[in-house]
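Student: Could you take me through one part of this protein slowly and carefully? I would like to understand a single strand and the surroundings in which it sits.

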Amino acid sequence: MRKKSVLFLMILVVCAGMAFAQGSAEKKADDGHYLFGATYMTMNNPFFVYLNDGIKGIVEAKGDKLVAYDPALDQAKQIAQIEDMIAQGVDAIFLNPVDWQGVRPALDAAKAAGIPIINVDAPVFDEDLVDCIVASNNYNAGVLVAQDVMKRLKSAKIVLLEHPTAKSAIDRTQSFVDTVKNFPQYEIIARQSSNGQIEQAMPVMENIIQAQDKIDVVMGLNDPTAIGALAALEAAKRSANVLIYGVDGSPDAKKMVNEGRMTATAAQSPIGSAVRLPMPPTVCFLDRR
């Protein structure tokens with residue numbers, strides 16, 4: 001996981017340099033170092049913790065400084081954080097948006113201030129307002145899960161736990177739906193939001209368990225969602241013979257897969273990943289393989 005985060009970040013740092021080169025105001029503090037800002041949709045997810053640690057390590061190794069924020073899935077709070085970073089005079093902002101459309105006011109403010117935005121992991125809707133996008137091929141993650149389900153089961157009743165305001169999650173869920181839509185034997189019996197959080201996935205899954213007599217598959221938009229769903233199924237003694245999928249390849253999820261409690265987790269690989277750098281804006285995709 002840490003290896004993936006460091007590689008992911010190295011591409012981010014390259015993109016940051018490219019953003020400066022594309023004509024954004026290049027400002028340095030009096031000591032000759034840059035001040036970077038970062039805000040992620042939530043730090044209640046190991047992926048973003050590792051990613052931030054990687055960013056901080058590389059930034060500080062160059063003598064620069066990173067200030068990081070956690071909006072805890074609150075878009076209004078994230079916009080206020082970005083406004084605060086602009087007021088601090090940061091040189092560039094790493095952004096993982098809570099709401100891919102709702103973040104627009106913050107993008108406008110950064111653009112007006114001449115501060116580059118490096119869009120991380122989950123793309124924004126208004127791509128013309130960011131200087132660089134670094135994202136996994138999230139669409140392929142859902143395809144991989146759906147294909148695995150179809151290999152294992154001839155028919156299935158499926159639960160989708162989604163996060164409809166994050167583009168990365170939207171792509172993962174929609175690609176699963178697209179892959180099974182022409183096969184009526186794979187029936188989506190419930191589709192509800194859990195915002196990618198363990199503590200939200202558990203009660204959502206509990207309600208679904210009460211409403212559904214049979215569940216064959218649970219597709220979680222990420223690993224915390226899958227782990228929350230698993231906890232609910234185990235508490236209800238309904239986990240036997242249910243295929244449970246996550247996305248990210250977190251240490252906890254991989255441990256549960258090895259224990260036979262989860263079925264699989266789809267994760268991008270840093271080895272042999274494809275990187276594309278069209279301009280502008282710069283878009284880098286790490287393909288899930």
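Tutor: What follows is a close look at strand S6, beginning with the whole chain and then turning to the strand and its partners.

The model in front of you is a predicted one, and its protein chain has 9 helices and 11 strands. Of the 289 residues in this chain, 52% count as buried, while the surface that the chain exposes comes to about 12200 Å², with carbon and sulfur atoms supplying 52% of that area. If you take the contacts in the chain with a separation of 6 or more, 69% of them are between residues that lie 24 or more positions apart.

Now to the strand itself. Strand S6 covers residues 156-162, and 6 of its 7 residues are buried, so the strand is largely enclosed by the rest of the structure. To see what surrounds S6, we can begin with the strands that pair with it.

On one hand there is strand S7, residues 186-193, which runs parallel to S6 and is joined to it by 7 bridges. Two pairs of residues help you to find this pairing in the picture: Lys157 has Glu187 as its bridge partner in S7, and Glu162 stands opposite Ser193 of that strand. The chain passes through helix H6, residues 167-180, and together S6, H6 and S7 make a right-handed β-α-β unit.

On the other hand there is strand S8, residues 217-220, which also runs parallel to S6 and is joined to it by 4 bridges. Here the pair to look for is Val159 with Val218, its bridge partner in S8.

These pairings belong to an open sheet of 5 strands, whose order is S7-S6-S8-S9-S10 and whose pairing is parallel. S7 and strand S10, residues 264-266, stand at the edges of the sheet, and because each has a single partner strand, one side of each is left without a neighbour in the sheet. Neighbouring strands of this sheet are turned against each other by 20° on average, if direction is ignored. As a general point to keep in mind while you look, the side chains of a regular strand alternate between the two faces of the sheet.

A helix also lies against this part of the sheet, for helix H7, residues 198-211, lies across S6, S7 and S8 and runs at about 150° to S6.

Finally, one residue of another helix leads us back to S6. Thr225 is found in helix H8, residues 223-235, and it counts as buried because its relative accessibility is 0%. Leaving aside neighbours within four places in sequence, Thr225 is in contact with Leu161, Ser194, Gly196, Gln197, Ala201 and Gly220. The side chain of Thr225 also makes polar contacts, one of 3.3 Å with the side chain of Ser194 and one of 2.8 Å with the side chain of Asn222.

If you return to the strand with all this in view, you can follow S6 between its parallel partners S7 and S8, with helix H7 lying across the three strands.

Methods. Residues are numbered from 1 along each chain as its sequence is written. This is a predicted model: local features need pLDDT of at least 70, side-chain atom pairs count only at pLDDT 80 or more; totals for chains, interfaces and linings use all residues. Side-chain values use heavy atoms; hydrogens and water are left out. Buried means under 20% relative accessible area, exposed over 50%, partly exposed in between (1.4 Å probe, protein chains only). Two strands pair if DSSP finds at least two bridges between them. A crossover is right-handed if, with the strands pointing away from the viewer, the path from the first strand over the helix to the second runs clockwise. Axes are lines fitted to C-alpha atoms, for helices over the stretch in contact, and angles run from 0 to 180 degrees between N-to-C directions. Contact means heavy atoms within 4.5 Å. Accessible areas come from the Shrake-Rupley method with a 1.4 Å probe; for residues, only the protein chains shown count as cover. A polar contact is a pair of N or O atoms within 3.5 Å; within protein, one must be able to donate a hydrogen and the other to accept it, and residues adjacent in sequence count only if both atoms are side-chain atoms.
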